[in-house]
Amino acid sequence: MLSLWISIETEEKFKWWKKLIFRFKYGVKNKAFYLLSKQEMIKNIQTLYYQVKIAELISREDQLTQSLEQFSFDNKMKEYTEISKKIFKNELYKNMERKKRTNYSEKDLFFKSEEFIKDYPVIMSTTYSLRRSLAEKVNYDFVIIDESSQVDLTTGVLALSCAKQAVIVGDLKQLPNVIEFDNRQKTDSLFQSFDLPEPYNYSKYNLLLSIIKLFPEIPKTLLREHYRCHPKIIEFCNRRFYNNQLIILSEAKSIREPLKLHRTVPGNHARERMNQRQIDVIIKEIIPQQQLENEDLGIVSPYRDHANALEETFDKTQIKIDTVDKFQGRENNIIILSTVDNQISEFTDNPNRLNVAISALLINL
């Protein structure tokens, strides 16, 4: 139809032999068609073209819908996972086949670094230790820095200093590394004295944020698939913090309601970033009502003073307690978030802090 459309636009007159060609090539058998003006001919062809195109798309949509309904995602994920493992193990086998690896002493790591890397090509390290793990002249083909939003600039630079290429993995929606007050004062003084560019500000920028600010055009890949949190919990974070970009692949494993809000009686209960009323409510109401005595339970708070009070209260239990900032990266089956403040504050309402707290959250105080 598109070819016929173009042919009609380029024709001045439709002689008998041209009509014969159109009959066999395009199936145009209706003599009345040639009595129309060129504009009417094209209009009719356009209408027919879009009708057929819409029918094709509807048919394709039906095929895809049927295919998705019959698709077993869980089975396919297991299949892909097993295939990936086999490919990975095969590559390892080809690389290490028939190699007799040497046992190295601690001194050998420094003096026989090149030989060590050939025998053991994957090294696990902290960013702080990587630079001095082997000889200074050693550069790694790839340095992968995980949880880079938790990596401070100085140790991050140490790791990058021995990397030929780097892959930096992290989440700007998570909390940055915790910087002690004394270090903050010292580094702020240095930063101001030497008039350094803003992305080098140690107290404000972690490694991930600094890299992105310095190199805005750097290649980026969003890891969309999420397997960790309860689907309803991560759905909240997805809408609130990730612009619905995540693909939620986790499944609910119990019938328990994944998110609960427990309101204490309004009042001025917080004192010096500690709220004894909320601690009492956790002990006397939340834990017994939700039957959490034998659960894998954690309690987090935005403030250190309140976390310390919780630690004293639950000293002889298995309950894990810390601030939201320190708890990042850990998990429990059930987390109680004790917000402390009488009124919402800028500190507790920080989007990154909320994201960290809620992505590990089951019961919210």
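# A tour of the predicted model

Select threonine 81 to begin, and display its side chain, which reaches the backbone oxygen of methionine 77 at 2.7 Å. The model on the screen is a predicted one, and every stop on this tour should be read with that in mind. Threonine 81 has its place in helix 4, which covers residues 73-96, and with a relative accessibility of 35% it counts as partly exposed. If you then add leucine 209 to the selection, you will have two residues that stand 128 residues apart along the chain, with 32 Å separating their C-alpha atoms.

Go next to glycine 27, in the loop that runs between helix 2 (16-26) and helix 3 (38-70). Glycine 27 is partly exposed, its relative accessible area being 45%. A second selection, lysine 89, gives a pair that is 62 residues apart along the chain, and the distance from the C-alpha atom of glycine 27 to that of lysine 89 is 59 Å.

The aromatic rings come next. How many aromatic pairs does the structure hold? There are seven, and two of them are visited here.

For one, select tyrosine 104 and tyrosine 120, whose rings form an edge-to-face pair with 6.2 Å from centre to centre and 80 degrees between the planes. Tyrosine 104 belongs to the loop between helix 4 and helix 5 (106-111), while tyrosine 120 belongs to the loop between helix 6 (113-119) and helix 7 (127-133), so the pair ties together parts that are 16 residues apart in sequence. Tyrosine 120 is itself partly exposed, with a relative accessible area of 26%.

For the other, select phenylalanine 236 and phenylalanine 241, which also form an edge-to-face pair, here with 6.3 Å between the centres and 80 degrees between the planes. Are these two rings' residues buried or exposed, wholly or in part? Phenylalanine 236 is partly exposed, at a relative accessible area of 36%, whereas phenylalanine 241 is buried, at 6%.

Before leaving the aromatic residues, return to the tyrosines and add Phe116 to the selection, since ring pairs link Tyr104, Phe116 and Tyr120 into a cluster.

Now move to threonine 155, which lies in helix 8 (residues 153-160). Threonine 155 counts as buried because its relative accessibility, 12%, is under 20%. Once its neighbours within four places in sequence are left aside, threonine 155 is in contact with Thr127 and Tyr128, and both can be shown together with it.

Two loop residues deserve a look at their backbone angles. Most residues other than glycine have a negative phi. Asparagine 244, in the loop between helix 11 (231-241) and strand 4 (247-248), has a positive phi, near 60 degrees. Glutamine 291, which you will find in the loop between helix 12 and strand 8 (297-301), likewise has a positive phi, in its case near 55 degrees. The relative accessible area of glutamine 291 is 62%, and the residue is therefore exposed.

The last stop is a pair of helices: select helix 12 (residues 276-289) together with helix 13 (residues 304-313), whose axes come within 11 Å and cross at roughly 40 degrees. The crossing of these two helices is right-handed. Which residues make the contact? On the side of helix 12 they are Gln278, Ile279, Ile282 and Ile283, and on the side of helix 13 they are His306, Ala309, Leu310 and Thr313. Colouring this set by residue type will show five nonpolar residues, three polar ones and no charged residue in the contact of helix 12 with helix 13.

Technical notes
Residues are numbered from 1 along each chain as its sequence is written. This is a predicted model: local features need pLDDT of at least 70, side-chain atom pairs count only at pLDDT 80 or more; totals for chains, interfaces and linings use all residues. Side-chain values use heavy atoms; hydrogens and water are left out. Axes are lines fitted to C-alpha atoms, for helices over the stretch in contact, and angles run from 0 to 180 degrees between N-to-C directions. Helices (H or I, at least four residues) and strands (E, at least two) are DSSP runs, numbered from the N terminus. A crossing is left-handed if the near helix is turned anticlockwise from the far one by less than a right angle, and right-handed if clockwise. Contact means heavy atoms within 4.5 Å. Ala, Val, Leu, Ile, Met, Phe, Trp, Tyr, Cys and Pro count as nonpolar, Asp, Glu, Lys and Arg as charged, and the others, Gly among them, as polar. Buried means under 20% relative accessible area, exposed over 50%, partly exposed in between (1.4 Å probe, protein chains only). A polar contact is a pair of N or O atoms within 3.5 Å; within protein, one must be able to donate a hydrogen and the other to accept it, and residues adjacent in sequence count only if both atoms are side-chain atoms. Rings of Phe, Tyr and Trp (its six-membered ring) pair if their centres lie within 6.5 Å; planes under 30 degrees apart count as stacked, over 60 as edge-to-face and the rest as tilted.
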